[in-house]
Amino acid sequence: MKFSYFPGCTLKNKAKDLDLWARKSAEALGAELCEIENWQCCGGVFTSSADEIATKLSSVRILKAARERGLVTVCAACHNVVKQTNCAMRDDAEFCAKVNRYMGEDEYRGETEVYHYLELLRDVIGFDTLKKKVKNPLKGKKIAAYYGCLLLRPSKVIGLDDPENPMVMENMIKALGADPVYFARRNECCGAYTVMEDPAIAKKNSESIVKNAALQGADMIVTACPLCYYNLKKNGDSIPVYYFTELLAEALGVKEGENE
């Protein structure tokens with residue numbers, strides 16, 4: 001199985017582990033992630049202004065390049081921007097027309113299938129298959145999955161899971177042989193970009209998330225968002241934080257365990 005792959009800017013510098021173990025794990029599961037050539041930043045955020053197209057053009061180029069194979073993303077923020085842009089190209093005729101007039105030939109109308117890596121595991125590979133591929137079951141580990149905002153919302157567009165009671169990461173954790181820990185703040189905001197202008201907000205939010213997970217007995221937290229990872233790791237010190245791909249790679253035997 002071959003898929004077009006968009007890593008995004010952060011996975012090329014601060015979040016290299018999220019990218020590295022996603023690639024190696026996909027290979028172990030029989031999926032090849034083919035990085036799109038000459039990609040640009042997705043835009044960073046999806047602006048809601050109806051007449052704003054400039055910041056979305058790089059995402060449209062990514063989507064156009066991935067039409068034949070489908071597009072896989074790992075970063076929650078990149079996925080959010082690309083998925084919302086794809087939806088706008090498919091459902092907003094005025095926006096679609098403006099973009100295509102600007103970009104010229106080879107019109108695009110939202111036809112690319114966009115998968116977050118978790119959807120690839122659940123919907124394409126399947127958790128039953130994943131379970132059979134596990135070489136080092138993570139027995140005894142109590143893992144709290146932290147979703148944050150961008151992986152789940154806006155729910156009608158992103159469509160990854162139930163925004164109030166998501167299960168995809170917990171089901172992945174079960175397939176890896178570990179015990180998922182459910183905690184109330186797993187889908188609440190970590191503070192996100194407020195860390196740039198008011199770090200106290202991010203600190204308060206992130207501390208409450210980590211403490212909540214620890215109180216429910218979690219040994220660690222896993223996430224798919226580099227910004228969430230940064231905020232939780234910086235502001236919550238009661239339990240460690242990892243990218244979900246690190247645990248996936250460990251269970252599949254393509255990464256030596258560091259979390260015993």
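Two strands pair if DSSP finds at least two bridges between them. The views below show a predicted model.

**View 1. Four strands form an open sheet.** The order of the strands is 6-5-7-8, and they pair in parallel. Strand 6 (179-181) and strand 8 lie at the edges. Each has a single partner strand, so one side of each is left without a neighbour in the sheet. On average, neighbouring strands are turned by 40° against each other, direction ignored. Helix 8 (residues 168-175) lies across strand 5, strand 6 and strand 7. Relative to strand 5, helix 8 runs at about 155°.

**View 2. Strand 7 pairs with strand 5 and with strand 8.** How many bridges link strand 5 and strand 7? There are 4, in the parallel sense. Ile143 has Met220 of strand 7 as its bridge partner. Strand 7 and strand 8 also run parallel, joined by 3 bridges. Here Thr223 has Tyr243 of strand 8 as its bridge partner. Are the faces of strand 7 covered or open? Both faces are covered. Met220 and Val222 are buried on one side, Ile221 and Thr223 on the other. Met220 thus appears twice in this view: as the bridge partner of Ile143, and as a buried residue of strand 7.

**View 3. Helix 11 spans residues 226-235.** Which of its residues are buried? They are Pro226, Cys228, Tyr229, Asn231, Leu232 and Asn235. Several elements cover these buried residues. Among the helices are helix 1 (16-28), helix 9 (194-197) and helix 10 (199-215). Among the strands are strand 5 (142-146), strand 7 (220-223) and strand 8 (241-243). Helix 11 also takes part in the lining of the largest pocket, giving 4 residues.

**View 4. The largest pocket holds about 400 Å³ of space.** It is lined by 18 residues. Which of them are closest to its centre? They are Thr10, Lys14, Tyr193, Pro226 and Leu227. Helix 3, helix 9 and helix 11 each give two or more residues to the lining. Helix 11 gives the most. By class, the lining has 15 nonpolar, 2 polar and 1 charged residues. Pro226 links this view to the one before: it is a buried residue of helix 11 and is among the residues closest to the centre of the pocket.

**View 5. The second largest pocket holds about 180 Å³ of space.** It is lined by 14 residues. Those closest to its centre are Phe46, Lys56, Gln84, Ala88 and Asp92. Which element gives the most to this lining? Helix 3 does, with 4 residues. The lining divides into 6 nonpolar, 4 polar and 4 charged residues. Helix 3 also gives two or more residues to the lining of the largest pocket.

**View 6. Helix 2 (residues 57-65) is mostly covered.** How many of its 9 residues are buried? The count is 7. They are Leu57, Ser58, Ser59, Val60, Ile62, Leu63 and Lys64. The elements that cover them include strand 1 (2-6), strand 3 (71-73) and strand 4 (114-116). Helix 3 (76-91) and helix 4 (93-103) are also among the covering elements.

**View 7. Two residues other than glycine have a positive phi: Asn38 and Ala192.** For Asn38, phi is about 55°. Where is Asn38? The residue is in the loop between strand 2 (32-35) and helix 2. Asn38 has 76% relative accessibility. Exposed means over 50%, so Asn38 counts as exposed. For Ala192, phi is near 45°. Ala192 is in the loop between strand 6 and helix 9. Its relative accessibility is 23%. That value lies between the 20% and 50% limits, so Ala192 counts as partly exposed.

**View 8. A cis peptide bond runs from Arg153 to Pro154.** Its omega is near 0°. Where is Pro154? The residue is in the loop between strand 5 and helix 7 (155-158). Strand 5 is also part of the open sheet, where it pairs with strand 7.

Terms used
Residues numbered from 1 in each chain as written. Predicted model: local features only at pLDDT ≥ 70, side-chain atom pairs only at ≥ 80, totals over all residues. Heavy atoms only, no water. Buried < 20%, exposed > 50% of the residue type's maximum accessible area, 1.4 Å probe, protein only. Contact = heavy atoms within 4.5 Å. Axes fitted to C-alpha atoms, helices over the stretch in contact; angles between N-to-C directions. 1 Å grid on protein atoms, 1.4 Å probe; cavity = no way out; pocket = protein on both sides within 12 Å on 5 of 7 lines; lining within 4 Å. Points joined across faces, edges and corners; volume = space filled by probe spheres on them. Nonpolar A, V, L, I, M, F, W, Y, C, P; charged D, E, K, R; others polar.
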